[in-house]
Amino acid sequence: MSEQKPVMLSGVQPSGDLHIGNYFGAMRQHVELSRSGKYQTFIIVVDYHALNSVQNAEEMRRRTRELVTGYLAIGLDPTKVTLFKQSEVSAHTELAWIFDTITTMPYLMRAHAYKDAASKNAEISVGKFNYPLLMAADILLYDADVVPVGADQKQHVEYTRDTAEKFNRIFKQDVFKLPKPYILPEVAVVPGTDGQKMSKSYGNTIPLFASRDELAKCVMSIVTDSSGERPENVYAIHKLVRSEAELSPLYEQHRGNYKALKEALVLDLDRYLAPMRAKYEELQKDPGIVAEVLAAGRREACAVAEAKMEQVRKAIGVY
Ligand code: ADP
Ligand code: TRP
């Protein structure tokens, strides 16, 4: 029975254009693991996390639509996966509040993401500060076993485990299961066009659904240095779409000719991404599909989350 399978769960914010770092680092694993048939899968469009940065209703709606369309375009099967919006299952914010009450400020202040954000802007929102606890609620409501994410999210999964343990200890019941991160070492940190981690906040991304011309523009902007054997930043992206065995003769043949290597990368990226881009464009013609998928996801997610909340309310004495 599907209920007995281990649970795989992840979330992505509808807060920017999807890029190949999101795809290779996390979303591809979501599709592949869910297709393996070994897991019961939940994928969450974490719009209340995104509200920390997207504070415009029209943009929120558009980005949500784009993210769901993106998942379908890369091959997520909505009949096999519960794909839903965080804001439509109120248990997430309710449980996050409960976690607020058992968590100390110094503990949250040790989070890398908080330290980073606070160093740039002391006026950090309470929502950003509490971010790890809403994420813990996302994960713990569904008894997730594995959480496939990029390396930047590892600490957040550790916060989730700590929070589950603390709750179970304080309320003397095994209400929550301890999840494990699932991080593939070879794509844990996909580099951007400047060699740093690819991230929408650094302006160094290659968009997942870019046209061939846009891909060419991004690839031509990849920073190359002439110190090594080959342009490492070009190679690091190239090996995402072609095997190293195929790349070695190519890089040997064009040694020192960065332009030729970048042109080859444009062709290979385009070949790899074109089918997903075509699917994305086709799906955009059917606007009803996003609402349909989210409505089904909401029903499934609510049923699971509500059952867990009953256990939680009993454990804390508000039932
Ligand atoms: P961004 O860093 O662009 O803001 P998100 O935080 O929205 O991206 O990330 C969504 C998912 O994609 C997360 O699981 C994250 O770990 C993964 N991810 C994002 N960028 C990368 C990257 N450069 N390499 C590997 N995984 C990444
Ligand atoms: N923090 C994650 C990110 O920025 C998004 C996220 C929210 C998430 N809730 C989650 C990821 C639950 C995995 C599981 O990418």
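Around ligand 2 in this predicted model there is a shell of 13 residues, and the closest of them are Gly11, Tyr131, Met135, Asp138 and Gln153. A student who wants to know where this shell comes from along the chain can begin with two elements, strand S1 (7-12) and helix H8 (131-140), each of which supplies at least two residues of the shell. The largest share comes from H8, which contributes four residues.

Some of the surrounding side chains also place polar atoms beside polar atoms of the ligand. In the case of Tyr131, a polar side-chain atom lies 2.7 Å from a nitrogen atom of ligand 2, and in the case of Asp138, an N or O atom of the side chain is 2.6 Å from a nitrogen atom of the ligand. Gln13 has a polar side-chain atom 3.4 Å from an oxygen atom of ligand 2. How much of the ligand does the protein bury? Taken alone, ligand 2 exposes 370 Å², and the protein buries 90% of that area.

From the ligand we can turn to Arg63, a residue of helix H3 (residues 57-73). Is Arg63 buried or exposed? Its relative accessibility is 13%, and because a residue under 20% is called buried, Arg63 counts as buried. Leaving aside residues up to four places away in sequence, Arg63 touches Pro14, Ser15, Gly16 and Asp17. With Asp17 there is also a polar contact, in which the two side chains are joined at 3.0 Å.

A second buried residue is found in a loop, for Gly192 has its place between strand S5 (180-182) and helix H10 (212-220), and its relative accessibility is 0%, so that it counts as buried. The residues that Gly192 touches, again without those up to four places away in sequence, are Lys197, Met198, Asn204 and Ile237. The C-alpha atom of Gly192 is also separated by 9.9 Å from that of Val219, a residue 27 places apart from Gly192 along the chain.

The last stop is helix H13 (residues 258-284), where a simple piece of reasoning can be followed. Since each residue accounts for 1.5 Å, the 27 residues of H13 should span 39 Å, and the end C-alpha atoms are 36 Å apart, which agrees with that expectation. On the way along H13 there is a kink of about 45° at Leu273, and this kink lies shortly before the proline Pro275.

Conventions. Residues numbered from 1 in each chain as written. Chains lettered and ligands numbered in written order. Predicted model: local features only at pLDDT ≥ 70, side-chain atom pairs only at ≥ 80, totals over all residues. Heavy atoms only, no water. Expected span 1.5 Å × (residues − 1). Bend = angle between axes of the 7 residues up to and from the residue. Buried < 20%, exposed > 50% of the residue type's maximum accessible area, 1.4 Å probe, protein only. Contact = heavy atoms within 4.5 Å. Polar contact = N/O pair within 3.5 Å; in protein donor to acceptor, adjacent residues only side chain to side chain. Near = heavy atom within 4 Å. Areas by Shrake-Rupley, 256 points an atom, 1.4 Å probe, with all protein chains shown as cover.
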